[in-house]
Amino acid sequence: MTNKYLVTGGAGYVGSVVAAHLLEAGHQVTVVDDLSTGHRAGVPAGAEFVEGRVQDVAKWLDRSYAAVLHFAAFSQVGESVVDPEKYWLNNVGGTAALLAAMRDADVRTLVFSSTAATYGEPATTPITEDAATAPTNPYGATKLAVDHMISGECAAHGLAAVSLRYFNVAGAYRAADGVVYGERHDPESHLIPLVLQVAQGRREAISVFGDDYPTPDGTCVRDYIHVADLADAHLLALDAAREGAADRRVSPGEHLICNLGNGNGFSVREVVETVRRVTGHPVPEVVAPRRGGDPAVLVASAERARDRLGWRPRRADLAGIVADAWEFARRGESA
């Protein structure tokens with residue numbers, strides 16, 4: 001069945017890949033993005049594009065939309081520490097405006113792009129959804145605040161919502177029309193694209209922040225999830241919230257929170273070595289002091305997403321993730 005969806009932040013990395021998946025599934029898509037961090041070239045062909053802020057989404061949202069997928073958030077951890085008010089105003093204030101617009105338009109289904117940063121430094125891994133939430137930076141705190149807002153909206157107004165807490169998203173996606181969507185953050189802060197920049201000669205070396213962690217090779221271990229697997233989870237979340245089977249249905253008034261990860265951890269040095277193998281280029285590394293707030297291991301339990309959404313990652317091989325990201329980087333589109 002064809003539905004009409006509004007995608008906030010759909011010109012960004014994850015939002016653009018999800019929008020492409022929605023179009024390939026036969027749906028109508030409207031992307032709302034102010035292009036402050038997104039890119040016009042990231043909006044898939046076939047999607048209607050509106051340049052605007054999420055705070056003003058009431059101008060475009062109406063009853064014709066079946067659901068909203070919400071990606072319009074600032075996400076740079078370091079920036080959130082030095083400019084927290086920017087993150088509270090946009091991430092929390094923008095979502096408050098979106099929820100009000102959804103009430104007014106009687107749009108009762110939401111999928112929200114949340115984050116593993118809500119957990120902070122967990123006591124145990126793999127991390128389940130009932131782990132304590134203790135964000136260590138304003139970015140994670142704003143995302144947790146939005147999750148609380150959504151829970152209240154569901155309870156008070158019958159919204160059916162799914163929050164997807166991502167771990168480390170990576171890779172790129174080649175859409176059916178041949179367009180490749182990948183990461184182009186500025187500044188870039190994610191490990192795989194940073195290491196690929198070294199392979200391209202755009203950086204002299206990759207900084208390894210700490211090599212004395214209690215892990216097999218002394219470097220931090222993280223759970224990497226392919227961006228296309230992430231997009232699959234969003235479509236499954238929409239199905240669950242709108243017309244899911246009885247055992248997977250997200251009912252009006254329910255806020256389902258699911259972690260998304262592949263359940264396997266890869267160390268910083270494993271990522272660097274994988275980039276060397278995939279690209280065939282040398283990648284010099286420099287050991288730097290640990291960064292405050294970097295846990296030794298962050299690995300997800302995605303059992304709830306499997307049980308409630310029927311989701312399983314299909315692209316969990318690190319070399320495959322790196323190869324897809326490398327294809328995008330070589331196209332010169334990551335600058």
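**Exercise 1. Which residue of strand 13 is the bridge partner of Arg165?**

Before you start, note that this is a predicted model, in which local features need pLDDT of at least 70 and side-chain atom pairs count only at pLDDT 80 or more, while totals for chains, interfaces and linings use all residues. Residues are numbered from 1 along each chain as its sequence is written, and side-chain values use heavy atoms, with hydrogens and water left out.

*Solution.*
Step 1. Find the elements: helices (H or I, at least four residues) and strands (E, at least two) are DSSP runs, numbered from the N terminus.
Step 2. Check the pairing, which requires that DSSP finds at least two bridges between two strands. Strand 6 (residues 160-166) and strand 13 run parallel and are joined by six bridges.
Step 3. Read off the partner: Arg165 is bridged to Asn259 in strand 13.

**Exercise 2. In what order do the seven strands of the open parallel sheet lie, and which strands stand at the edges?**

*Solution.*
Step 1. Walk across the sheet: the order is 3-2-1-4-5-6-13, the sheet is open, and the pairing is parallel.
Step 2. Look at the ends. Strand 3 (48-51) and strand 13 (255-260) each have a single partner strand, so each has one side without a neighbour in the sheet.
Step 3. Add the twist, which averages 20° from one strand to the next. Angles here run from 0 to 180 degrees between N-to-C directions, and axes are lines fitted to C-alpha atoms, for helices over the stretch in contact.
Step 4. Zoom in on strand 1 (residues 4-8), where four of the five residues are buried, that is, under 20% relative accessible area (exposed is over 50%, partly exposed in between; 1.4 Å probe, protein chains only). Five bridges link strand 1 to strand 2 (residues 28-33) in the parallel sense, and Tyr5 has Val29 as its bridge partner in strand 2.

**Exercise 3. Which strands does helix 4 lie across, and which does helix 6 touch?**

*Solution.*
Step 1. Take helix 4 (residues 138-157): it lies across strand 5 (109-115), strand 6 and strand 13, at about 155° to strand 5.
Step 2. Turn to helix 6 (residues 227-243), which packs on the sheet and touches strand 1, strand 4 (67-70), strand 5, strand 6 and strand 13. The direction of helix 6 makes about 160° with that of strand 6.
Step 3. Keep the criterion in mind: contact means heavy atoms within 4.5 Å.

**Exercise 4. How does helix 5 pack against helix 9 and helix 7?**

*Solution.*
Step 1. Helix 5 (residues 191-199) and helix 9 (residues 318-330) have axes 10 Å apart and pack at an angle of about 60°. The two are therefore oblique to each other; under 35 degrees counts as roughly parallel, over 145 as roughly antiparallel, 65 to 115 as roughly perpendicular, and the rest as oblique.
Step 2. On this contact, Ile192, Leu196 and Ala199 of helix 5 meet Leu318, Ile321, Val322, Ala325 and Trp326 of helix 9. The contact of helix 5 with helix 9 has eight nonpolar, no polar and no charged residues (Ala, Val, Leu, Ile, Met, Phe, Trp, Tyr, Cys and Pro are nonpolar, Asp, Glu, Lys and Arg charged, and the others, Gly among them, polar).
Step 3. Helix 5 and helix 7 (residues 268-279) cross at roughly 45°, their axes coming within 10 Å, which makes helix 5 oblique to helix 7.
Step 4. Here Leu191, Ile192, Val195, Leu196 and Ala199 of helix 5 face Val268, Val271, Val272, Val275 and Thr279 of helix 7 in the contact. By class, the contact of helix 5 with helix 7 holds nine nonpolar, one polar and no charged residues.

**Exercise 5. Is Pro282 buried or exposed?**

*Solution.*
Step 1. Locate Pro282 in the loop between helix 7 and strand 15 (285-288).
Step 2. Apply the cut-off: with a relative accessible area of 63%, Pro282 is exposed.
Step 3. List the contacts: not counting residues up to four places away in sequence, Pro282 touches Val198 and Ala199.

**Exercise 6. Is Thr215 buried or exposed?**

*Solution.*
Step 1. Thr215 sits in the loop between strand 10 (206-209) and strand 11.
Step 2. Its relative accessibility is 13%, so Thr215 counts as buried.
Step 3. Leaving aside neighbours within four places in sequence, Thr215 is in contact with Val221, Ala296 and Val297.
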